[in-house]
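Q: Hey, got a minute to walk me through this one? I'm new to it.

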Amino acid sequence: MRYYSTNHQAPMATLEEAVVNGLAPDRGLYMPETIHRLPDEFFEGIEHLRFQDIACVVADAFFGEDVEQDALHEIVWDTLQFDCPVVEVTPTIYSLELFHGPTLAFKDVGARFMARLLQYFLTCRGNDERINVLVATSGDTGSAVANGFLGVEGIHVYVLYPKGKVSPIQECQFTTLGQNITALEIDGVFDDCQRLVKSAFMDSELNRHMRLTSANSINVARFLPQAFYYFNAYARMKELGKADRLVVCVPSGNFGNITAALFGHRMGLPISRFIAANNSNDVFYQYLQTGEYHPQPTRQTLANAMDVGDPSNFARVIDLYGGSHERIASLIGGAAYTDYSIRAALRECYESHHYLCDPHGACGYQALKDLLLPGETGVFCETAHPAKFKEKVDATVGTDTAIPERLAAFMRGTKQSVALGKDFGDLKAYLLKQ
């Protein structure tokens, strides 16, 4: 498989080049030249397959031309050592629980897969050069990537996060690890962190000094594997007899998660339509209404992992549908919620249905309540365990959310981070000393 840039000004790349480089030389995002459609018979019997077996079929279609099949399937099984079940909230609304991995967030899937694929390229191709991973996080990405790469030989991870704008538990998950993980506390917002990462890739002096790649959803090895759990969700809903007229709602920040779902749809996944649920950072919602895309300054909200004013993966959505607003709007609906509305959704879901969401999942739940049509069944992504936002959830719902031992262990660690300004010169000077 060859990969092209969304800016169409860079040479075609192999999978290994796309994964190791992260961003194309022209600052575009890599896209596979071909998206293989899966055969109808796969979907006819999908409800009889296990999650991992489904994921192996999808992985073969994405990566099978570039990774030896036994090794690829081993990567998939090693990645998916936990389930992503669908749970009934109401007779027509289901939660796709993506928080059963090591850091209790959906990004465990993509981060663990990418870590193992990158290690495969380093070891199987005899490459002994150290790879330095730069990742910007608004919350869960940092913890998932840090833990996915923890202890992986030949790889060092630098997590850039906005000071004071991630939850205390999220911060503990990537600032207490040590070893090959370094946390960089940036005096800014998530978009500043993302801009710094992109600037680092484009700086020739820095790239001569160290080999850089990204583990954000701009990396094809991070976002593509997230399609696995959408295929599994369809299988489980078909098993329940509720796969007809199925709607998938994705709480959306940087748009990697919903882009993976759209790739699955292009591969034949029988989803009727999608909904992107935003918080007050509603640039995509506004695009759906007007056909014009205008990045905005990031607004800090209750659903902080979605606090993105200029989502990188919007470029992939545009590329996937040939820039057609009509095609995009016909397949993807939108909703946007203020903090007040998110709190109301959290309370209503818990009090009416005894299901406790995190703030991001609450956006997805409310969007399905508002936008589902008669005869449709909806599945929303519950992207993180509510305990990761314990203070916000407890204050809203009046509960005392139990903290799973995996989270409690992180909280007992000692924070280690490096404070930097949001000017690229500060980051560059620091990295040149490493």
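**Cores and helices**

A: Sure: in the largest nonpolar core, which has 108 residues, F63, L96, F149, F228, F231 and I332 touch the most other members. A nonpolar core is a set of buried Ala, Val, Leu, Ile, Met, Phe, Trp, Tyr and Cys residues joined through side-chain atoms within 4.5 Å, and buried means under 20% relative accessible area (1.4 Å probe, protein chains only). This is a predicted model, where local features need pLDDT of at least 70, side-chain atom pairs count only at pLDDT 80 or more, and totals for chains, interfaces and linings use all residues. Residues are numbered from 1 along each chain as its sequence is written, and side-chain values use heavy atoms, leaving out hydrogens and water.

Q: Which helix gives the largest share of this core?
A: Helix α5 (residues 107-124), with 10 residues. Helices here are DSSP runs (H or I, at least four residues), numbered from the N terminus.

Q: And what does F228 touch?
A: Leaving out residues up to four places away in sequence, F228 touches F51, A55, V58, A59, V76, L80, V109 and F113. Contact means heavy atoms within 4.5 Å.

Q: New topic: why is α6 largely enclosed?
A: Nine of the 10 residues of helix α6 (residues 140-149) are buried, so the rest of the structure largely encloses it.

Q: What covers those buried residues?
A: The cover includes α5, α7 (168-175) and α10 (220-223).

Q: What comes after α6?
A: G151 follows α6, and its phi is positive, near 80°.

Definitions and conventions: Buried means under 20% relative accessible area, exposed over 50%, partly exposed in between (1.4 Å probe, protein chains only). Helices (H or I, at least four residues) and strands (E, at least two) are DSSP runs, numbered from the N terminus.
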